[in-house]
Amino acid sequence: MITANSDTIIALATPTGSGAIAVIRLSGPEAISITNRVFKGKDLSKQATHTIHFGTIRDGETILDEVLVSLFVAPQSYTKENVVEISTHGSMYIIESIIKLMVRNGARAAKPGEFTLRAFLNGGLDLSQAEAVADLIASNSAASHQVALQQMRGGFSNELKQLREQLINFASLIELELDFSEEDVEFANRDQLKQLILTITNVIHKLIRSFEQGNVMKNGVPAVIAGKPNVGKSTLLNALLNEERAIVSDIAGTTRDTIEDELTIGGVLFRFIDTAGIRQTEDLIEAKGVERTLEKMKQAKLIIYLVDPLQNLQDINKQVEELSELQIPTVIVVNKSDLLSPQQQIELAMLDPLYISAKNNLGIEELKGEILRKVNLHSINTDDVLVTNVRHLEALQRTQDSLEKVLYGIDNPVTSDFLAMDIKQALYYLGEITGTVTTDDLLDNIFSKFCIGK
Ligand code: GDP
């Protein structure tokens, strides 16, 4: 079993590379004493928690840097252990020298996620909150930030903890029945139990259903711009990306190869899946690769179907019909509105399309609004509990299965010991989400995905 360690760990908490400042973090019983040995300034062992101290870090007589040391005395820290954060100048040479010096003085280089693992093991966070820390750091849009923050603050696990406690009460009553099995008594009122199980099933159901939206908010909406060659798909993607490009190129030194395929509208991230492949398909319906293209399109949660005034109406109708069979929200967009004749406009009206000119940047804002409406994310209340994590989803589904067995057990002549077993199973899976029940493999799996210093 993984338990809280008695050693002191150290890692760079800010990104590697040079910067104005860097923060090196230590956690463990010796965090303050190790720092004190190499710090010239006030005696850190005599300072109060949550104080900051200026001084120098010295390797023998050599000054490595002038630093600020922040003290967090156990248990008033992220990990609940003694924590020291050293703000240094952000040179990789200084950072490495200080970490090496600390290691020579008894600290150990931290493993990925080890600070957060300690926070979890010492009761500072539950498991789903710890996972939310990773999500929060990885968040790249207002929506993913919102769900991660909500989960880290415990909204998600609070609901589950309450349900689990109610179920534990029943489990103990049924256990009690087992002790009196010869006397055929029922301590656990079966009607009340059934009512509770139905309530829990409802909540679990709602959480399972929320995954689809939660996942989209966390990972982005997979979307496709489809249409015949030359209708203006690339031009449209560029027009949509324009604003974002400008922002990204303003940040010196940032390069993102995949920028073409990701864009944020109204705080929601959209990911354009393999649009290049789809763009090159000769004709959505007739081309050889139709099957494969359709397969790809099925992964989308949104299709922007682009036509232009040069296409014949029959063709468009046929393709719109084909698309509707995919049952994916689709926005029909007529591009090149600058070339549109009044006659064509009358003909196209029955499709109720959006008119834009990608080249002239006309109608793009309206299109963005329509895209947002189609994915229906604006209806999410920011207080809603959303499941975003596949591990949680799986545990919820298993809980649901166990609860169904309990329900069957209540309605059928099943003995208390079997009922107790099924309730225990449900409790186990619920506990897996918040970390009340853990295994080493599970913890390894979760925390190894963190980066070092988290
Ligand atoms: P794709 O093959 O669907 O990706 O089409 P492109 O984006 O490469 O555009 C094909 C041609 O249509 C290019 O010459 C564009 O300049 C032109 N085009 C795109 N949008 C408009 C528009 O709104 N009006 C006009 N007149 N031409 C456009």
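**Exercise 1. Find the residues that Ile423 touches, then place Ile423 in its core.**

Step 1. Ile423 touches Leu167, Ala171, Ile174, Leu193 and Val406, leaving aside residues up to four places away in sequence. Contact here means heavy atoms within 4.5 Å.

Step 2. Note the source. This is a predicted model, in which local features need pLDDT of at least 70, side-chain atom pairs count only at pLDDT 80 or more, and totals for chains, interfaces and linings use all residues. Residues are numbered from 1 along each chain as its sequence is written, and side-chain values use heavy atoms, with hydrogens and water left out.

Step 3. Go to the core. The largest nonpolar core has 32 residues, and Ile423 is among those with the most contacts inside it, along with Leu167, Leu193, Ile197 and Leu396. A nonpolar core is a set of buried Ala, Val, Leu, Ile, Met, Phe, Trp, Tyr and Cys residues joined through side-chain atoms within 4.5 Å. Buried means under 20% relative accessible area, exposed over 50%, and partly exposed in between (1.4 Å probe, protein chains only).

Step 4. Assign the helices. H6 (155-179), H7 (190-219), H14 (390-411) and H15 (416-434) each supply at least two residues of this core. The largest share, 9 residues, comes from H7. Helices (H or I, at least four residues) and strands (E, at least two) are DSSP runs, numbered from the N terminus.

Step 5. Look beyond this core. Another core, of 31 residues, lies apart from it, and includes Val231, Leu236, Leu241 and Leu263.

**Exercise 2. Trace the pairing of strand S1.**

Step 1. Sort the side chains. In a regular strand, side chains alternate between the two faces of the sheet. From S1 (residues 9-12), Ile9 and Ala11 point one way and Ile10 and Leu12 the other, and all are buried.

Step 2. Take the antiparallel partner. S1 pairs with S2 (residues 19-27) over 4 bridges in the antiparallel sense. Two strands pair if DSSP finds at least two bridges between them. Ile10 stands opposite Leu26 in S2.

Step 3. Check the turn. S1 and S2 form a hairpin with 6 residues between them, and Gly17 in the turn has a positive phi of about 110°.

Step 4. Take the parallel partner. S1 joins S7 (residues 108-109) through 2 bridges. Ile9 stands opposite Arg108 in S7.

**Exercise 3. Order the open sheet and find its edges.**

Step 1. The 6 strands run S9-S10-S8-S11-S12-S13, with mixed pairing.

Step 2. S9 (262-265) and S13 (354-355) are the edge strands; each has a single partner strand, so one side of each is left without a neighbour in the sheet.

Step 3. Move inward. S8 (residues 221-226) and S11 (residues 302-307) run parallel, joined by 4 bridges. Ala226 stands opposite Tyr305 in S11.

Step 4. Add a helix. H11 (residues 313-324) packs on the sheet and touches S11 and S12 (330-334); its direction makes about 175° with that of S11. Axes are lines fitted to C-alpha atoms, for helices over the stretch in contact, and angles run from 0 to 180 degrees between N-to-C directions.

**Exercise 4. Describe the setting of Glu131.**

Step 1. Glu131 lies in H4 (residues 127-138).

Step 2. Is Glu131 buried or exposed? Glu131 is buried, with a relative accessible area of 7%.

Step 3. List the contacts. Glu131 touches Gln151, Asn389, Arg391, His392 and Ile446, not counting residues up to four places away in sequence.

Step 4. Pick out the polar contacts. The side chain of Glu131 makes one with the side chain of Arg391 (2.8 Å). The side chain of His392 also makes a polar contact with that of Glu131 (2.7 Å). A polar contact is a pair of N or O atoms within 3.5 Å; within protein, one must be able to donate a hydrogen and the other to accept it, and residues adjacent in sequence count only if both atoms are side-chain atoms.
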